[in-house]
Structure formats: C-alpha cells, structure tokens
Amino acid sequence: DYVISVDMDGVIQFVCPHLPTNLVGQDIFKVSRLKGKTRFLWDRSILSEIQDPVEVELDVPERTLDLEFVFSPLKSGGKPGYLVVGRDLSKIRRLEEKIRRQAIMDGLTGVFNHHQFWILLERETQRSRRTKRPMGLIFFDLDGFKQLNDLKGHLAGDEVLKTIGRY
C-alpha cells in the first residue's frame, strides 16, 4: 500500500518512502486520473463527499501505478486534510485474469473447458438463428487413445492431448 496525505485543496503534503518525494507539493488530482466511468469530477470538490474507494492511475516518474485510493479525513497538527491510502491493483488484476482463465480453460490443453463449450455453442446457435446462416460443428474421436494411455502411460496421453490442443 502507498500512503499519502493531502491538504484540503488536494495538495500532497506527505508521501511514503515507496513513492518519489517530488510528488510533495503537487495536486493529487493533476498527478492522478480516474479509471473508468464516474459520476463525479476528479478535483478537490470531491474530498468532502467521497466515501467509496476509487480506481486511479497515479503518474510517477517513468511509470504509472494502478491504484485504489481510499480517502479518510485527517487532522494533523491542527491542519485538516486527508489520508489517502493507495492499494496496488496490478497484482490483483493479474490474479483476477488467472482465475478467469482457469474458470474457462482446461488446465492441461489450454482449450475451452466443457462449461465454456456449452456457453459458446449456445451463443453461436443463437447467432445462426438470428442471422439465418448455417452453422458447422466438427466432432472428432482419437482412435486408439485408450490403448496409448494403457501402453505408454497417462503422461504420453497428456502430451498427445496438449499437441492436439495447440491446433
């Protein structure tokens, strides 16, 4: 997590050691921008209203950080301001993508799994009906696959399935 404090105008007063010190004195709303569609302006007017985490891109030298900002009121030395905690979303996004792929792909072959096959088949069937165009579906059988597994072992069978999955 990244810790930042800002004054009531959104000017950065403090950054944790993991962020460049040249951010101090800059407007947090100018060095970051909201990701996705929002219902509010990204400026100091939201400081007193914002209650939910917001996804932003924070520009630091030579890179952009994908963060989730959480703003909390802060009184430091009698000066009101806000504590901003930024959670790094890049690792979370990579894990989400990995989970999404695992949910739709077979781990061995890398092809769509049984569940995803039925989803795609339904979608393509609906498209064929809607467009009144024919649809083709190819099934094939691996002759002698059981014998291969029995004679050469499951590792050999797995290699055959992976090879076929690449095509």
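**Figure 1. Overall dimensions of the predicted chain.** The chain has a radius of gyration of 26 Å, whereas a compact globule of 167 residues would have one near 15 Å. This is a predicted model. Along the principal axes, the C-alpha atoms fill a box of roughly 80 × 45 × 25 Å. Buried residues make up 26% of the 167 residues. The chain exposes about 12,300 Å². Carbon and sulfur atoms supply 55% of that area. Of the contacts with a separation of 6 or more, 33% join residues 24 or more positions apart.

**Figure 2. Order of the secondary structure elements.** The chain holds four helices and six strands. Read from the N terminus, the order is β-β-β-β-β-β-α-α-α-α. The six strands thus precede the four helices in the sequence. The views that follow take in helix 1 (residues 90-104) and the loop between strand 3 (32-34) and strand 4 (54-60). They also take in the loop between strand 4 and strand 5, and the loop between helix 2 and helix 3 (145-152).

**Figure 3. Confidence along the chain.** The mean pLDDT of the chain is 90. A value of 70 or more is reached by 98% of the residues. Confidence is highest in helix 2 (residues 114-131), at a mean of 95. It is lowest in strand 5 (residues 63-76), where the mean is 87.

**Figure 4. Charged side chains.** The chain carries 26 positive and 24 negative side chains. The centres of the two sets lie 4 Å apart.

**Figure 5. Ser45 in the loop between strand 3 and strand 4.** Ser45 sits in the loop that runs from strand 3 (32-34) to strand 4 (54-60). Its relative accessible area is 41%, so Ser45 is partly exposed. Partly exposed covers the range between the 20% and 50% cut-offs. Met8 is 37 residues away from Ser45 along the chain. The C-alpha atoms of Ser45 and Met8 are separated by 9.4 Å.

**Figure 6. Pro53 and its contacts.** Pro53 belongs to the loop between strand 3 and strand 4, as does Ser45. With a relative accessible area of 45%, Pro53 is partly exposed. Leaving aside residues up to four places away in sequence, Pro53 touches Glu68, Phe69 and Val70. Leu67 is 14 residues from Pro53 in sequence. Their C-alpha atoms are 9.8 Å apart in space.

**Figure 7. Glu62, a residue with positive phi between two strands.** Glu62 lies in the loop between strand 4 and strand 5. Its phi is near 70°, a positive value in a residue other than glycine. The relative accessibility of Glu62 is 85%, so the residue counts as exposed. The cut-off for that class is over 50%.

**Figure 8. Lys132, a residue with positive phi between two helices.** Lys132 is placed in the loop between helix 2 and helix 3 (145-152). Phi of Lys132 is about 55°, positive although the residue is not a glycine. Its relative accessibility is 73%, so Lys132 counts as exposed.

**Figure 9. Ile92 in helix 1.** Ile92 is part of helix 1. Its relative accessible area is 28%, so Ile92 is partly exposed. Ile46 is 46 residues from Ile92 along the chain. The two C-alpha atoms are separated by 26 Å.

**Figure 10. Arg101 in helix 1.** Arg101 also lies in helix 1 (residues 90-104). It counts as partly exposed because its relative accessibility is 42%. Phe112 is eleven residues from Arg101 along the chain. The C-alpha atoms of Arg101 and Phe112 are separated by 9.2 Å.

Key: Residues are numbered from 1 along each chain as its sequence is written. Side-chain values use heavy atoms; hydrogens and water are left out. The radius of gyration is taken over C-alpha atoms; the globule rule is 2.2 Å times the number of residues to the power 0.38. Buried means under 20% relative accessible area, exposed over 50%, partly exposed in between (1.4 Å probe, protein chains only). Contact means heavy atoms within 4.5 Å. Accessible areas come from the Shrake-Rupley method with a 1.4 Å probe; for residues, only the protein chains shown count as cover. Lys and Arg count as positive and Asp and Glu as negative; His and the chain ends are not counted. The place of a charge is taken as NZ of Lys, CZ of Arg, CG of Asp or CD of Glu. pLDDT is the predictor's confidence in each residue, from 0 to 100.
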